[in-house]
Amino acid sequence: MLAASIQVSGEPLSAAEVQDICDRLREDGVRLLSVRGCRLSDRDFGRVCRGVAASRCLAQLNLNLGVVSSIGRARHLADALAANRSLQTLFLHGSPLLDAGLEALNPALAAHPALVCLDLGDCLLGDAALALICGMLPPDGAKSGDQIAAMLAVAVASSRTLEVLDLEGTGLTNQSAQVFLDMVENYPTCLRVLVLAENEVSSELQQQISDLLSEGEEDGREAPPPPPGHAPSSALQPIREKPLPWLPHSSKDSSLPTVMLTSGVGESLLAEAEI
């Protein structure tokens, strides 16, 4: 059976629809699941998460626009991520995680063996959440503000898989952005997109970083080799969130390319998945 994509946007999900999604996840029949902006009960959300945990082929999961709306749901998702081994891309854009929600998710995110793209834009995160993102680094005491940006830049520069980093609305400054600019100027990196919108960062700095990342793609700048099974990503088309219809269809190929995305890019993800 060819793996399919399930895409629903902004609709209430009935118990029967949730059951169908869960059945197909457990049968390894879904590679892309998007329920962005959908309304479902806490019980049904837990059922979907158990399906995600059981799936061995799900590569992309879109929970944008408030689907992960409570600490309880964040914990359900964390349990699913701890068991899942196939997911490569996770969208949580516009979910009110707060620092507590990311704290619940952080151990599973940090330990996941395949995740390469994570969208945390507009998740109401603060300095404590940014510190959690840096939890993979050797502990040397709590950091804050621009110190966190420096630590995060070190983690990005050393990562062999991270291609997209969305830090929209996270309270960063020009000093933080300068750290990332120095990183992309001076170190080989897999990073292809860095989103700094809605921060106290000048448009000039943002453009400089974007230009350098684009130049890296155009001139084939060497980056750390990806781990086995992860192919390099294609060119990026940054777009914003737009409503999507229900579009179930079968994948044209059982192999799914790594997807590049920017802030709120559920639609670009879905388009790339059909390549």
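Where in the chain is Asp122 found? Asp122 is found in the loop between S5 and H5, and the legends below, which describe close-up views of a predicted model, return to this residue after the overall view and the packing of the helices.

**Figure 1. Overview of the predicted model, with its nine helices and eight strands.** The protein has 275 residues, of which 52% count as buried. Among the contacts in the protein with a separation of 6 or more, 83% are accounted for by residues 24 or more positions apart.

**Figure 2. Close-up of helix H4, which covers residues 98-111.** The helix has 14 residues and spans 21 Å from its first C-alpha to its last, which is close to the 20 Å expected at 1.5 Å a residue. At Leu105, H4 bends by about 45°, and a proline, Pro107, follows within four residues. Leu105 also belongs to the buried residues of the helix, which are listed in full as Gly101, Leu102, Leu105, Asn106, Ala108 and Leu109. These buried residues pack against several elements, namely H3, strand S4 (89-91), strand S5 (117-119) and helix H5 (127-133).

**Figure 3. Close-up of the packing of H3 with H4.** The axes of the two helices lie 8 Å apart and meet at an angle of about 5°; because angles under 35 degrees count as roughly parallel, H3 is described as roughly parallel to H4. From H3, the residues Ile71, Ala74, Arg75, Leu77, Ala78, Leu81 and Ala82 take part in the contact, and they meet Ala100, Gly101, Ala104, Leu105, Ala108 and Leu109 of H4. Sorted by residue class, the contact of H3 with H4 is made up of eleven nonpolar residues, one polar residue and one charged residue.

**Figure 4. Close-up of Ile71 in helix H3, which runs over residues 71-83.** Ile71 has a relative accessible area of 32% and is therefore partly exposed, the range for that class lying between the limits of under 20% for buried and over 50% for exposed. When residues up to four places away in sequence are not counted, Ile71 touches Ala100, Gly101 and Ala104, residues that also appear on the H4 side of the contact with H3. Leu102, one of the buried residues of H4, is 31 residues apart from Ile71 in sequence, and the two are 9.0 Å apart in space, C-alpha to C-alpha.

**Figure 5. Close-up of Arg47 in helix H2, which runs over residues 42-54.** With a relative accessible area of 10%, Arg47 is buried. Leaving aside residues up to four places away in sequence, Arg47 touches Ala15, Val18, Gln19, Cys22 and Arg26.

**Figure 6. Close-up of Asp28, a residue with a positive phi that is not a glycine.** Asp28 has a phi of about 55°, and its place is in the loop between helix H1 (15-26) and strand S2 (30-34). The relative accessibility of Asp28 is 16%, so this residue counts as buried.

**Figure 7. Close-up of Asp122, a residue with a positive phi that is not a glycine.** The phi of Asp122 is about 55°, and the loop that holds this residue is the one between S5 and H5, two elements against which buried residues of H4 pack. Asp122 has a relative accessible area of 35% and is therefore partly exposed.

Definitions and conventions
Residues are numbered from 1 along each chain as its sequence is written. This is a predicted model: local features need pLDDT of at least 70, side-chain atom pairs count only at pLDDT 80 or more; totals for chains, interfaces and linings use all residues. Side-chain values use heavy atoms; hydrogens and water are left out. Buried means under 20% relative accessible area, exposed over 50%, partly exposed in between (1.4 Å probe, protein chains only). Contact means heavy atoms within 4.5 Å. The expected span of a helix is 1.5 Å times one less than its number of residues. The bend at a residue is the angle between axes fitted to the seven residues ending there and the seven starting there. Axes are lines fitted to C-alpha atoms, for helices over the stretch in contact, and angles run from 0 to 180 degrees between N-to-C directions. Angles under 35 degrees count as roughly parallel, over 145 as roughly antiparallel, 65 to 115 as roughly perpendicular and the rest as oblique. Ala, Val, Leu, Ile, Met, Phe, Trp, Tyr, Cys and Pro count as nonpolar, Asp, Glu, Lys and Arg as charged, and the others, Gly among them, as polar.
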